[in-house]
Amino acid sequence: MGECDISCKALWIKAQYKYNHLPFITKALGCFITKDMQPFAVVEGAGFQCMIKALEPRYKIPSRKHFSCTVIPALYEETRRRLVNELSDTACVALTTDGWTSRATESFLTVTVHYIPSEWKMKSSVLQTRPLYESHTSEQLSEALTEAVTEWKLQRDSSTIPVTTDNAKNMVNAVNATAGLGPQIGCFAHTVNLAAKNAVSISQVSRLLGKIRKVVTFFHRSTTASHVLKTRQRMLELPAHKLIHDVSTRWNTTYDMLERYLEQQAAIYSALMEKDVKKHLKDISVLNDGEAKLAEDLIKILKPLKNVTTLMSTETSPSVSMIIPLQKMILKSMTTSEEDSSTIKDAKAAVTKDLEVRYGNPELQDYLHRTAALDPRFKSLPYLEEASVERIYSDVIREITEIKEQGQPREVQVDSSSSAGEPGTSGTSSPKKKSAMAEFLGEFFPTEKETTKTLSQTTEEEVMSYRVTGCIPVDADPLAWWKDNEHKYPHIAKLAQCYLTVQGTSVPSERVFSTAGDIVTASRSRLLAENVDKLIFLQKNLIIE
């Protein structure tokens, strides 16, 4: 074949590829719509069509209906099959769930799944976002959770599925009433937020916050005051930060408001004394020295609560094992001193009273202790008495033994009277003949007889070895440690893989709400519920190669 023929064939192949790859553009546009949360109508926009025409003049853009009825469902089914196959290879899974309301005042329940595959990397996926058309009773929520477990084939023979939810009674009861689910883990970030709310609900603290809110609202609404504040910030060499107004539904915003106010206190006072600003003031005043001191002390109380919320909101590292250690740390930080004012003492007492009764169920508490024991950061369990530590590790040994025994095949019983050899031969085997080496030197170099250990003994030795090794730093990655040490502690590793996959908060489900808000916008409030489900699923789970 000559050079001309080769060149012509190459051009033909290139042309064929160019024509054949056009359907992939449609798929790519489907990825664009889902990952960037674009409306289906984007494909009908004049500017968008102009861009596609410039990139590939021969490509004819399908209608928005084609994308909503054909392309997106095809992407959904493809991604769904991949996820189902991936979950089927996972020994243990855990769920988080929460409800939310769209702009169209439709209620939805989102379920997310979490698991640790063999490479020891925490993985999370949104399973479904389904509408709730009736009142949110525990029975209806239980039915929705059962449907999710069945549809996604999550049930495992050897264990139940832990579920993390907020502290709403209907959610708690729904999980406890659903067969195959449990234990129910109350969202620790939500729990901490409730404790913080109790602290700032004290009358003196409430009055202080009301005073600060008036100042913040004034600067937010007055363009003159806002401009003067910016000039005073430059003059006083303070950060050009806007004042923050707290929001009751957003965690830690009260702390953020207090911290920002104290940071900008000098600029605020100077701006309010400006003639053009002062004449518009009504029932607004700055904090006096006593109030400023109270605000500083409140920040010291709320800061560890904010830090805990931030720590617990991770989705890439185990968080359930941190619940009890962090709870103990918070309670310790709430110890009062003689220097505390009566208001601060009341605030600390409010946090302590709310937090110390949480996770008080004995079975749940033992479960959380086991999660900490299986986390190499916290395995020493220093907050427990020695007898309690021994009991927790005994429970770990027992659970490993029970799981292994359930998974072992039954031994086949052979009748000793039956023949084990060829027909006509005796069923008893003759003694094994010694080798020449064993005959000659065996007496002088005896070998140690092998002893058969029970599964319980093997597990006990493994757990003892695990316990005597030191804890890793608290900021280290426990999953990376398990990946490196799985071969040393194979039985414990399998149990750790199940326990550490559980989430300490329902934040993964709540993060879906912000995504949903970008999908179900005011201009897309009439989206069908099934399309909402598919679009959220693809936005979170679609892998772009």
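How many salt bridges does a search of the whole structure find? The count comes to 26. Before turning to some of them, it helps to get a feel for the chain as a whole, keeping in mind that this is a predicted model.

The chain runs to 545 residues, and 45% of them count as buried. Its secondary structure is mostly a matter of helices to keep track of: there are 23 helices, along with five strands. Among contacts with a separation of 6 or more, 69% are between residues 24 or more positions apart. On the outside, the chain exposes about 30600 Å², and 53% of that area is supplied by carbon and sulfur atoms.

Part of that outside is a nonpolar surface patch of about 330 Å², put together by Met437, Leu441 and Phe445. Phe445 sits in the loop between α18 (436-441) and α19 (455-468). Its relative accessible area is 59%, and because the cut-off for exposed is over 50%, Phe445 counts as exposed.

Back to the salt bridges. One of them brings Lys211 together with Glu291, with the closest N and O atoms 2.8 Å apart. Lys211 belongs to helix α8 (residues 203-221) and Glu291 to helix α13 (residues 289-312), so this pair ties together parts of the chain that lie 80 residues apart in sequence. Glu291 is partly exposed, at a relative accessible area of 22%.

Another salt bridge stays within one helix. Arg398 pairs with Asp395, again with 2.8 Å between the closest N and O atoms. Both belong to helix α17 (residues 386-407), and because they are three residues apart there, about one helical turn separates them. Are the two partners buried or exposed, or something in between? Arg398 is partly exposed, with a relative accessible area of 44%, whereas Asp395 is buried, at 12%. Elsewhere, salt bridges that share partners link up into one network made of Arg80, Arg130, Glu147, Glu151 and Asp533.

Lys123 and Glu119 also meet through their side chains, in a salt bridge of 3.8 Å from N to O. Lys123 is partly exposed, with a relative accessible area of 29%. Glu119 is partly exposed as well, at 34%.

Next come the strands, with β1 (94-101) as the place to start. This strand is mostly covered, since six of its eight residues are buried. It has two partners described here. With strand β2 (residues 107-115), β1 pairs in the antiparallel sense over eight bridges, and Asp98 stands opposite Thr110 in β2. The hairpin of β1 and β2 has five residues between the strands, and Thr105 takes a positive phi near 55 degrees there. With strand β4 (residues 161-165), β1 pairs in the parallel sense over two bridges. In that pairing, Leu95 stands opposite Val163 in β4. In a regular strand, side chains alternate between the two faces of the sheet.

Finally, there is the matter of cysteines. How many disulfides does a search of the whole structure find? There is one, and it joins Cys92 to Cys498, with 1.8 Å from S to S. The link is right-handed, with 45 degrees about the S-S bond. It connects distant parts of the chain: Cys92 is in the loop between α4 (64-88) and β1 (94-101), while Cys498 is in helix α21 (residues 490-499), 406 residues away. The two ends are not covered alike: Cys92 counts as buried at 10% relative accessibility, whereas Cys498 is partly exposed, with a relative accessible area of 23%. The cut-off explains the split, because buried means under 20% relative accessible area.

Two further cysteines can be placed by their accessibility. Cys187 counts as buried, at 0% relative accessibility. Cys471, by contrast, counts as partly exposed, at 37%.

Terms used:
Residues numbered from 1 in each chain as written. Predicted model: local features only at pLDDT ≥ 70, side-chain atom pairs only at ≥ 80, totals over all residues. Heavy atoms only, no water. Helix = DSSP H or I, 4+ residues; strand = E, 2+ residues; numbered from the N terminus. Buried < 20%, exposed > 50% of the residue type's maximum accessible area, 1.4 Å probe, protein only. Contact = heavy atoms within 4.5 Å. Areas by Shrake-Rupley, 256 points an atom, 1.4 Å probe, with all protein chains shown as cover. Disulfide = S-S within 2.5 Å. Patch = residues over 30% accessible without salt bridge, like charges linked within 9 Å, V, L, I, M, F, W, Y side chains within 5 Å. Salt bridge = Lys/Arg side-chain N within 4 Å of Asp/Glu carboxyl O. Pairing = 2+ DSSP bridges.
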